[in-house]
Amino acid sequence: MWTDAGVDSETSPAGHHYSGPALRCCSSNCDLDSYRSHRRPSESPLKRFGTAREFYEQSLQLKRELGDRAGEARTLNNLGIIARKRGNFDRATDVLQQSLTIKRDLGDRHGEAMSLNSLGLVAEREGDLETARHRYEQSLEMFRETGDRHSEAASLGNPGLVARQQGDFERAREYHRESLALFRDVGSQNSIGEALGFLGAAELPLEDGQDGRVKLANAISTLREIDATPAILDVLRQHIATERTLGHEDRVSKLCERAAAVLDQADDALEYERAEIADLCDGRDREERLSTTPACRTHALDAEDCC
């Protein structure tokens, strides 16, 4: 349900501390929170990824010199997130596997679950849905073993999204229902609102889809109360994608108009979300976005000179 494994705790040169949620957080980009915390105001999203990568590479070198294996694993996880955001999936898989190996050596089951979730996200982005599903389910079971109910709730959404992409909407609905129920016990209003929206997207292909559209309205109302703009955009993005899959282009147009209205009121920190929505509403699929290199327009590139 959530698009990113959380950034492992790091401290930037400016002294900012990151302690994001363990899984895909209830805004679409947990990892972006850490990048924003030490970005330069004039930097583009691509440049910020480069800045964050430089910081984490310096951090990685220092942790290795100090023999801090746990810190090394956390930093590798963060570098994997950045590599995936830049579209460099081979690099992402490599560093995330290194992180996973260290966490297993240390007996860090919670960290292992995080790394498996991150590897699932890479597989999902590459279109390998079966591998993604397997990694997500491994991650989910480990979070259940550790008793981390918030991460369990978040991770339940991930196989739900895969099931939706595979056309198994009943199974997707069950995952998202369980996620929402857990978040109602342990989550924030942001978590509950976004989980409700994702459940609504899963229900769009079922019956006449009306229940899903009602849930969308309720989710947006819940999220507006707390000014959770990134979460609103993430929910809208899921509904746009599902309505497009169903061939409901009239509904897609209306949802894109709603997203544009939200973005009109948003600040400049949401360039990443703006690009995601623009590409989706233009009907550009993942491969098209990855191949768009002029002016380094999208975030999903691995061209070094863009960053």
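**Figure 1. D234 and R237, a charged pair in helix 11.** At 1% relative accessibility, D234 counts as buried, because buried means under 20% relative accessible area. This close-up comes from a predicted model, so every value in these legends is computed from that model. R237, the partner of D234, is buried too, at 14% relative accessibility. The side chains of the two residues meet in a salt bridge, with 2.4 Å from N to O. Why are D234 and R237 separated by about one helical turn? Because they stand 3 residues apart in helix 11, which covers residues 229-245. An α-helix has 3.6 residues a turn, so residues three or four places apart point the same way.

**Figure 2. E276 and R237, a salt bridge between two helices.** Here R237 appears again, this time with E276 as its salt-bridge partner. The closest N and O atoms of E276 and R237 are 3.3 Å apart. This pair links distant parts of the chain, with E276 in helix 13 (residues 271-281) and R237 in helix 11. Along the sequence, 39 residues separate the two. Are E276 and R237 buried or exposed? Both E276 and R237 are buried.

**Figure 3. R69 and E72, partners in helix 3.** Another salt bridge can be found in helix 3, which spans residues 69-85 and holds both R69 and E72. The closest N and O atoms of R69 and E72 lie 3.9 Å apart. The two residues are 3 places apart in sequence, about one turn of the helix. Their surroundings are worth a look: R69 counts as partly exposed, at 36% relative accessibility, whereas E72 is buried, with a relative accessible area of 10%. Side chains of opposite charge can pair when their charged atoms come close. The structure as a whole holds 21 salt bridges.

**Figure 4. Helix 13 and the glycine after it.** Which residues of helix 13 are buried? Y272, E273, A275, E276, I277, D279 and L280 are buried in this helix. You have already met E276, which forms a salt bridge with R237. Following helix 13 comes G283, and the phi angle of G283 is positive, near 80°.

**Figure 5. G212 and its surroundings in helix 10.** G212 sits in helix 10, which runs over residues 210-224. With 0% relative accessibility, G212 counts as buried. What is G212 in contact with, once its neighbours within four places in sequence are left aside? The partners are G200, E203, L204 and H239. L199 also belongs in this view: the C-alpha atoms of G212 and L199 are 7.1 Å apart in space, while the two residues are 13 apart in sequence.

**Figure 6. A202 in helix 9.** Helix 9 covers residues 189-203 and includes A202. A202 is buried, and its relative accessible area is 0%. Leaving aside neighbours within four places in sequence, A202 is in contact with R164, F169, A172, R173 and H176. T242 lies 40 residues from A202 along the chain, and 8.0 Å separates their C-alpha atoms.

**Figure 7. S99 in helix 4.** Helix 4 takes in residues 89-106, and S99 is part of it. S99 has a relative accessible area of 0% and is buried. Beyond the neighbours within four places in sequence, S99 is in contact with A73, L76, N77 and S115.

**Figure 8. A negative patch on the surface.** Now for a view of the surface, where D90, D94, E126 and D128 form a negative patch. One of these, E126, lies in helix 5 (residues 109-126). E126 counts as partly exposed, at 37% relative accessibility.

**Figure 9. The whole protein, for orientation.** How many helices and strands does the protein have? It has 14 helices and 0 strands. Of its 307 residues, 56% count as buried. Among contacts between residues at least 6 apart in sequence, 62% join residues at least 24 apart. The accessible surface comes to about 12700 Å², and 46% of that surface belongs to carbon and sulfur atoms.

Notes
Residues numbered from 1 in each chain as written. Predicted model: local features only at pLDDT ≥ 70, side-chain atom pairs only at ≥ 80, totals over all residues. Heavy atoms only, no water. Helix = DSSP H or I, 4+ residues; strand = E, 2+ residues; numbered from the N terminus. Buried < 20%, exposed > 50% of the residue type's maximum accessible area, 1.4 Å probe, protein only. Contact = heavy atoms within 4.5 Å. Areas by Shrake-Rupley, 256 points an atom, 1.4 Å probe, with all protein chains shown as cover. Patch = residues over 30% accessible without salt bridge, like charges linked within 9 Å, V, L, I, M, F, W, Y side chains within 5 Å. Salt bridge = Lys/Arg side-chain N within 4 Å of Asp/Glu carboxyl O. Lys, Arg positive; Asp, Glu negative; His and termini not counted. Charge placed at Lys NZ, Arg CZ, Asp CG, Glu CD.
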